[in-house]
Amino acid sequence: AYDRLIEETDPKARAALIGLAGEQRVLYAAVMQGGQSHSRAAGRDGLGALLASKHVKAIVARGQDRLTYADPTAFREVVSALIPLIKEGSKGMARYGTGGGMTGCDYLGDLPVHNWAGGAWPEGAQAISGQVMREHYWTRDTFCFACPIGCGKAVEIKKGPYAGVSGEGPEYETLAGFGSLLELADWEAIARANDLCNRLGLDTISTSGVIAFAIEAFEHGLIPLDELGGVPLAWGEPEGILALIPRIASREGAGAYLADGVRSAAQHLGHGSEVYAIHVKGLEMAYHDPRACLSMAANYATANRGACHLEGLTYWAMYGLDVQAWAPEPYDSASVTGAGRNAIAFQDYLSLFNPLGVCKFVAKTIHDRIPALINTATGWGLTDEEVWRIGARVFNLKRVLNNRLGITRADDTLPERLLTQPRPSGLAAGRVPDLEAMLEEYYAARGWLPDGRPSPETLAALGIEGL
């Protein structure tokens, strides 16, 4: 569909479009860009369903004007100085893509296994890693516009039951979701699942999280076989997993209620299935374990759109990244003390960074250059302090909007499984987050009231009083 839209309009145009999942109002339908050769998704939160509700199936655009900057020379100088730093810090990703981190995530206990109930999974993580992809399936690197990294990986499966699958290869979140979460140690089957989600317009994180829920529910007799089209679900078995994806997109059989996400599906099925529904505020969990990095528990619980890792990437520090520039709190992934304050530091940084429209992977290396980038591009002349204050203002403003929609402290929590059930093996084994202690620290540092609202004094200090 993407290629046909470009062919019928302008070869230099770009398109964003929904698929069957959006048309069927699946609540985690994505908006897809780039076509088969370089698929990218605005995947979370159901933006595909939102576009469909506005009777929009695709947007095709071509811009002819050149970007202008307040100080073009200074802006280019800042960018030119950053490119070698970005390249140096992204060598592994440039070669293996985000999937290159599978074995490291498993080693640290960060990789979710068996719908968040399992422990270490080293052989499986290796089998579906970016290294295996590079050796057996990689055809070329793909780049977003003007990108110096090229973390995208075009792949092709040439033989076997999934022969003919080609295009953009699965990223880390997809490998973790359709791989370790479902105990599916089959890279080719995961690539097929990724291809199906791309074609149907589904977010791979929520889709895999929903299928993990469905496997547990089926095991406990809560989903009848006929609702699955006669194809049973089981851990590590690709047939049922792959058969369920299009049923979700078309809302067929069990897909009719699974399309609304795990929270709604658990409410539909009842009988204790809430335990299998791993979500925060209705959004299925992204695939970094808050039992491995405790500050991620504070982030997931308070993140404005639910269980979103991209609102506060504190696990970066667990992998050795020096984050003292924006998170001066001493970092210990297993410590409750400081976890709430670290979550705030990352949330504020990402709240500043996200609106810039710059790749998240670049955020690891350009922190100290962001004020210069903003000022040379816009001419605003902001001080460093004023720039960093923007992040806190954006995060708190979103919280105010959520409060108006009914969000309170009672919603700042995690699934029961992650609060009470430790991982049984691996480096993160034996611990669960003391979320209440972290939230006490978090709320105090944020200047929020006990009911979960930013205090009037906090809003005034941020210049957004009177809301």
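**Figure 1. The whole protein, inside and out.** Of the 467 residues of the protein, 52% count as buried. What you see here is a predicted model. The chain folds into 22 helices and 9 strands. Its radius of gyration is 22 Å, close to the 23 Å that the globule rule gives for 467 residues, so the protein is as compact as a globular protein of that length. Taken along the principal axes, the box filled by the C-alpha atoms is roughly 65 × 55 × 45 Å. What share of the contacts with a separation of 6 or more comes from residues 24 or more positions apart? That share is 65%.

**Figure 2. The surface and its charges.** About 20200 Å² of the protein is exposed, and carbon and sulfur atoms supply 54% of that area. How many positive and negative side chains are there? The count is 42 positive and 54 negative, and the centres of the two sets lie 6 Å apart.

**Figure 3. Strand S1 with its partners S4 and S2.** Start with S1, which covers residues 14-17, and look across to S4, at residues 58-61: these two strands pair in the antiparallel sense over 4 bridges. S1 is also joined to S2 (residues 31-33), again antiparallel, by 2 bridges. Leu17 is a handy residue to follow here. Its bridge partner in S4 is Ala58, and in S2 Leu17 stands opposite Met32.

**Figure 4. Met32 and its surroundings.** Now zoom in on Met32, which sits in strand S2. Is Met32 buried or exposed? With a relative accessible area of 7%, Met32 is buried. Setting aside neighbours within four places in sequence, Met32 is in contact with Ala15, Ala16, Leu17, Ser39, Arg40, Ala41, Asn198 and Gly201. Leu202 is worth picking out too: Met32 and Leu202 are 170 residues apart along the chain, yet their C-alpha atoms are separated by 8.8 Å.

**Figure 5. Strand S6 between its pairing partners.** Strand S6 takes in residues 152-156 and is mostly covered, with 4 of its 5 residues buried. It pairs with S5 (residues 138-142) in the antiparallel sense, over 4 bridges. Along that pairing, Asp141 stands opposite Lys153 in S6. S6 also runs antiparallel to S7 (residues 166-168), and 3 bridges join the two. Which residue of S7 does Ala154 stand opposite? Ala154 faces Glu168 there.

**Figure 6. Cys147, in the loop from S5 to S6.** Follow the chain between S5 and S6 and you come to Cys147 in the loop. Cys147 has a relative accessible area of 25%, so it is partly exposed. Val362 is a good landmark for this view: Cys147 and Val362 are 215 residues apart in sequence but 9.9 Å apart in space, C-alpha to C-alpha.

**Figure 7. Two loop residues with a positive phi.** Glu183 is not a glycine, but it has a positive phi of about 55 degrees. You'll find Glu183 in the loop between helix H9 (172-178) and helix H10 (187-200). Its relative accessibility is 28%, so Glu183 counts as partly exposed. Lys281 is not a glycine either, and its phi is positive at about 55 degrees. Where does Lys281 sit? It lies in the loop between strand S8 (279-280) and strand S9 (283-284).

**Figure 8. Asp3, in helix H1.** Back towards the start of the numbering, Asp3 belongs to helix H1, which spans residues 2-8. Asp3 counts as exposed because its relative accessibility is 53%, and the cut-off for exposed is over 50%. To place it against another residue, look for Ala15: the two are 12 residues apart in sequence, and 8.9 Å separates them in space, C-alpha to C-alpha.

**Figure 9. Asp226, in the loop from H11 to H12.** Asp226 is in the loop that runs between helix H11 (204-219) and helix H12 (238-249). Is Asp226 buried or exposed? At 61% relative accessibility, Asp226 counts as exposed. How many Å separate the C-alpha atoms of Asp226 and Val336? The separation is 46 Å, for two residues that are 110 residues apart along the chain.

Conventions:
Residues numbered from 1 in each chain as written. Predicted model: local features only at pLDDT ≥ 70, side-chain atom pairs only at ≥ 80, totals over all residues. Heavy atoms only, no water. Pairing = 2+ DSSP bridges. Rg over C-alpha atoms; globule rule 2.2 N^0.38 Å. Buried < 20%, exposed > 50% of the residue type's maximum accessible area, 1.4 Å probe, protein only. Contact = heavy atoms within 4.5 Å. Areas by Shrake-Rupley, 256 points an atom, 1.4 Å probe, with all protein chains shown as cover. Lys, Arg positive; Asp, Glu negative; His and termini not counted. Charge placed at Lys NZ, Arg CZ, Asp CG, Glu CD.
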